[in-house]
Amino acid sequence: MGGMTKTETGTGTGRRVSEARERLLRTAGQLFYAEGIHTVGVDRLVAESKVTNATFYRHFRSKEDLAVAYIESVDQAIRTQIGSLTAADVPADGILRGIGASLVEQIRSPGYRGCAFLNAAAEFPDPEHPVHRAVVQHREWFLQTITALFAEITTAQAEHAGRHFTMLRDGAMSAGYLGDPVLAGETLLRGIDGLLRIHTARGLDERAASEPGQAPSAATTVSDIDCSPPSA
């Protein structure tokens, strides 16, 4: 076992330091999202988190290091939300609808300010910057996850469907902040429903084509499953 972890007042179990780190990350998440990463200084983060400067730099080498941790925490929350549906053995179309429902809830919530990842990428446009890379890593994971869900319905053009879904999400999150959040949410859900109908019909056509004497279907109906992920 390793040695004991130093706390703000000396040596001990490390619990106070862990709590201080969580306060810093929670405060940073609120301020960075509401006001932007560049506009919030270390002094304010320290003051509102009720920690010392020494505690801040014990956990984070710089504000940008904290910004990366903030992006990673949002990423992890989304992974947990989607994972909860997967663990519950929800069908792929239900998970995709659940993701859409969760996005609509977020878009219509008080204090909504757009996509945290797109906002951060706009503040850090350099592709080599750690914050930008953290955003890209999340988006790559999200696209792969969505594509895999569409592939469970049918592998035919699953990559196209995954990209389409991701663009629907990006557009809705921007429109919900810059325009009417209710209309943005409704448009997103209609878009997801249409995408699922087309993709499911494509799978039926593919199976029909592989079976002699079976004609391709013109369309299919996807049942609406209410399975919104829990709020972060």
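**Exercise 1. The chain as a whole**

Among contacts in the protein chain between residues at least 6 apart in sequence, what percentage join residues at least 24 apart?

*Solution.* The model is a predicted one, in which local features need pLDDT of at least 70 and side-chain atom pairs count only at pLDDT 80 or more, while totals for chains, interfaces and linings use all residues. Residues are numbered from 1 along each chain as its sequence is written, and side-chain values use heavy atoms, with hydrogens and water left out. Taking contact to mean heavy atoms within 4.5 Å, the share that join residues at least 24 apart is 65%. As for secondary structure, where helices (H or I, at least four residues) and strands (E, at least two) are DSSP runs numbered from the N terminus, the protein chain has 9 helices and 2 strands, and along the sequence these follow the pattern β-β-α-α-α-α-α-α-α-α-α.

**Exercise 2. Helix α6 and its partner**

Find which residues of helix α6 (residues 116-123) are buried, and describe how this helix meets α7.

*Solution.* Step one: with buried meaning under 20% relative accessible area, exposed over 50% and partly exposed in between (1.4 Å probe, protein chains only), the buried residues of α6 are Ala116, Phe117 and Ala120. They cover an arc of only 95° around the axis, the arc being that of the directions from the helix axis to the C-beta atoms, and this puts them on the same side of α6.

Step two: the residues Phe117, Leu118, Ala120 and Ala121 in α6 meet Val131, His132, Val135, His138 and Arg139 in α7. By class, this contact of α6 with α7 has 6 nonpolar, 2 polar and 1 charged residues, where Ala, Val, Leu, Ile, Met, Phe, Trp, Tyr, Cys and Pro count as nonpolar, Asp, Glu, Lys and Arg as charged, and the others, Gly among them, as polar.

**Exercise 3. Arg139**

Decide whether Arg139 is buried, partly exposed or exposed, and list its contacts beyond its neighbours within four places in sequence.

*Solution.* Step one: Arg139 lies in helix α7, and its relative accessible area of 25% makes it partly exposed. Step two: leaving aside its neighbours within four places in sequence, Arg139 is in contact with Leu118, Thr166, Arg169 and Asp170. Step three: Arg139 and Leu118 are 21 residues apart in sequence, and their C-alpha atoms are 9.8 Å apart in space.

**Exercise 4. Helices α4 and α5**

Identify the residues through which α4 meets α5, and classify them.

*Solution.* Gln81, Ile82, Leu85 and Thr86 in α4 meet Ile95, Gly98, Ile99 and Ser102 in α5. By class, this contact has 4 nonpolar, 4 polar and no charged residues.
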